[in-house]
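Biologist: Could you walk me through one helix and one surface patch of this model?

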Amino acid sequence: MNAAQEVQDYDRAVDRLVDEFSVSNSAYYRARFSKISASSRFTLTFNLASALLGPVWFAARGLWNWFLVFVLLEAFAFIQIALGLFSDLGAEQKLRAGRIAGTLEERRAQLEAAIASQADNVEALQRLVGSLESAVAGAMQQAQSMESQRLALLMFGIGLMLIVKLLQGAMGNWALERQFTYWRSNRSIARGFSTFRATTALILVAVIYGLAAAQFAFPTSWSLLQTFPANDNIRIDVSDGLKGWFDYATIAGAGFFNNVTDAVRVLLDSLETVFVGTPWPVIMLFIALLAWQCAGPRVAILAVAGLMYLGLLGFWDKAMATVSLLGAAACVSISLGIPIGILCARKPRVFAFVRPVLDFMQTMPSFVYLIPIIAFFGTGKPAAILATLVFGSPPVIRMTVLGLQGVPEAVREAARSFGASPGYLLFKVDLPLASPTIMAGVNQTIMLSLAMVVIASLIGAKGLGEDVLEALQYASTGEGILAGLAILVCSMILDRVIQGRR
């Protein structure tokens, strides 16, 4: 008896919540929600209001995601109906026939003049006139054929609209019941039938359907919808302003930019001395031992085979120059990226500022940010390293933030309880636990830096990218593929060494 009473009390509590959520037509929704929640599968019910009002009903109930879906479907159906009722599907073919007819009249006049003067080109003009007459007839036939499709488009649009309406009616109660479930745990979710939301949705629907139908049904009558009313003077003024700012910044910051270029050149020269100046057997032996220690004998054998490929095909010096350039860019990226990532992980406000910058660095096409790099630092290897730095830094910063944020708070709290200082906590707890994620970011930074090899060759960087660029310029397929495979070999060796579990 107590259990039955508890069930009744629970049902009454749920009914009160449904009344509070639905606001209007509560008895209807109590019955439908009870039926839907009683089954773990999709339960079919039909809501006439959602079927008739369509997207407006879903928006008025706060179901804006469903509103967007059904607006797109109904707009497509309205376009088909408008095409079937009002559009001139053969208009383009009729215009083409008119243009050909104008040319045909000119050729007929030339033919008559040629016949009258008994010129030698009479037969050629006759054939030309005949082909133009056939073209006019074909264009008009195509126009008539397209006009006959209006009824099919109309019926397709009506059928699609009926299907969408049935779908809206079938999904209305189910979607609203899911909304009710979320609302029970989060009262900030929309409830009831809002007149404001319904009015807003009605205006949006009218504008979307009207403009879409008008554009497709009468394409020649709404030129404003086809082309955005842009003002070229605005673009020119902004472009001139940016150019002036870059010229000023280049002159004003010449000392700073020169110092950065010199520092990068010193780092690059040091790495080139190691990789290019050192005898090749020493470098090969060093890389083989490094691969053995980091990833085991299989990777060491792979590294030796890859290095033999580079040497036998004459890519050794350029490959080492590429590795030097890549190493300089990676060193700077990692040296700056990990501390910035640590700071962002500990200071959410700093990360909120840095994140848009990282998004900009990752989404901006590489050819675009080569422009300011050249403006500030000129061309050559230092500029290529800085361009690679912009392209390759975001992964290590993001992955450092992700790794540190993923450190269990219970572990950090335990370390604090034993008296761990902030420095000890960072270097002995946070960084060791986050190291797999951070190393994944380091790997991605190095791989992205290597992907910039060819693009960096556009601004004077030497190495394997130069061979690929020359192969593209002179359509040298074989040389380009061999140089591309050399870049692939370098990337595979680096990836296996960095990902080694030792």
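Below, the two of us trade a few questions and answers.

Modeller: Quick ground rules: the model is predicted, local features need pLDDT of at least 70, side-chain atom pairs count only at pLDDT 80 or more, and totals for chains, interfaces and linings use all residues. Residues are numbered from 1 along each chain as its sequence is written, and side-chain values use heavy atoms, with hydrogens and water left out.

Biologist: How far does α17 reach from its first C-alpha to its last?

Modeller: Helices are DSSP runs (H or I, at least four residues), numbered from the N terminus. α17 covers residues 366-377, twelve residues in total. The expected span is 1.5 Å times one less than the number of residues. That gives an expected 16 Å, and α17 comes close to it, at 16 Å.

Biologist: Around the axis of α17, what arc do the buried residues cover?

Modeller: Buried means under 20% relative accessible area, exposed over 50% (1.4 Å probe, protein chains only). The buried ones are Ser 366, Tyr 369, Leu 370, Ile 373, Phe 376 and Phe 377. They sit on the same side of α17, because the directions from the axis to their C-beta atoms span an arc of only 135 degrees.

Biologist: Which exposed residues does the face turned away from the buried side of α17 carry?

Modeller: An α-helix has 3.6 residues a turn, so residues three or four places apart point the same way. On that opposite face of α17 you'll find Phe 367 and Ile 371.

Biologist: Which residue follows α17, with a positive phi?

Modeller: Its phi is near 75 degrees. The residue is Gly 378.

Definitions and conventions:
Helices (H or I, at least four residues) and strands (E, at least two) are DSSP runs, numbered from the N terminus.
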